[in-house]
Amino acid sequence: KCTVINMFKHIFTIIWNNRRHNGWLIAGLFVISTCMWYAVDYVYVITVNQTRPLGFNWHNVYALNIGVLTPESAKFLSDNRHTKNATDDFYAFIDRLEHHPAVESVCYTNMHKHYVWMNQTASLVHDTITCNSYMRGVSSDYFRVFGVKGADGSSPEQLSGKANFTDIIITDNLARRLFPDRPAVGGWVKNNLNGDSVRIAAVCESQKYNEFTAHQSATYIPLIYTKKYPFYYLDAPYLGVYIRVRPDSDGEDFIRKFRKEMREQLMIGNFYLGDMRPMSDYRNIQLKEPRNDLYTYLSVAVFFLMNAFLAVLGTFWFRTQQRRSELGLRVALGSTRVSLRKLLLGEGLILLTLAFIPAIIVGANLGFAEIVSDYPVEFTLLRFLAGMSVTYILLAITVFIAVWLPARQAMGIQPAEALHEE
């Protein structure tokens, strides 16, 4: 223990005696540490967010667009029933989709399409608490098609059974905000979209908009068309129709086969099957930009790491080469090569630590002053410590390599040659 303390005292003495040169080195390491932490923090945020559940399952799901014939089409039906109220035709369209042997379940949504920026927002009010929320009209089988589970662990089928004409289903994160002290199920909230008070029938798991976003607060409103609330052809562009295909029936050729089989069956009134694409297509389009941002930050992190490595390597290499005579003299006076490596490595790590202390202070001020983004992962002490720890470890490895390589070469000097140089 005394030997270690003496070694550190000796290292601090060496650093202090060369404080002019070491000051510039510490300043450089400080800048590198701060910039490196900023890039590492972003990668940490993305990594942590990726571990959080998406909240829905897009695999084996296809998005269908219902096409509407125009008056210019030879098959256009011009009677009043087909030009205005298309509720019966719409439900016939859905029914025929459900009876296809490859289709497991079918749903339709209004102002809500996964991986497509289409939203309607409003506020839910409970007592004195007001929370903004996405307002999503969905049919009851929406939860089955996208495999959305209940926050209590209930299955998508059970959640679909709780969807009814009058009640709503909200996400878990929204429920916790509206009802912080008790369960939300059975509670009543005011929907500022229409001013109605509605009951919460169930709470589903929180959902992300996509893999790179945070969990969104959402309200699922039952979407049912009746004579009082009919479906019109003009509503078709805002509607999303989705089918979940049985895994044993899905494949690369599924769309071609499905369209061939269903082309005539889905010609109902002025409806026809328009575009049909797998959800993976929409997903890849929306994730293109955040993926590019991630690659950019990864490139920045690698760039800073390489610069840190080259800067530290060059500096310590030069310092070690300048101290060849000193190292040889130490060997001549009885120091072992192992002890000299420990001395140089300890000196490098202490210099890094001295530079890292102000970097920690600057990083803390940037984070807790909300200059560093807290989306999609909130800035917490854990996030700050994790980012700083990873940054320090990466730089410590860099310092180790930068010290070990030139030290190994410099220690090849013979004691007699070192004494001659002195």
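Two strands pair if DSSP finds at least two bridges between them. Helices (H or I, at least four residues) and strands (E, at least two) are DSSP runs, numbered from the N terminus. The model I am showing is predicted, so local features need pLDDT of at least 70 and side-chain atom pairs count only at pLDDT 80 or more, while totals for chains, interfaces and linings use all residues. Residues are numbered from 1 along each chain as its sequence is written, and side-chain values use heavy atoms, with hydrogens and water left out.

Start with strand E3, residues 121–126. E3 pairs with E4, residues 129–138, in the antiparallel sense, over six bridges. Ala122 stands opposite Ser133 in E4. Two residues separate E3 and E4 in this hairpin, and Asp127 in the turn has a positive phi of about 55°. E3 also pairs with E6, residues 188–191, again antiparallel, over two bridges. There, Val125 is opposite Lys190.

Next, the cysteines. How many disulfides does a search of the whole structure find? Zero, a disulfide being a pair of cysteine sulfur atoms within 2.5 Å. Cys107 is buried, at 0% relative accessibility, and Cys204 is buried too, also at 0%. Buried means under 20% relative accessible area, exposed over 50%, and partly exposed in between, with a 1.4 Å probe and protein chains only.

Last, E4 again. E4 gives three residues to the lining of the largest pocket, the largest share. Here a pocket is an open set of points on a 1 Å grid over the protein atoms alone, where a 1.4 Å probe fits, with protein on both sides within 12 Å along at least five of seven lines; lining residues have an atom within 4 Å of a point.
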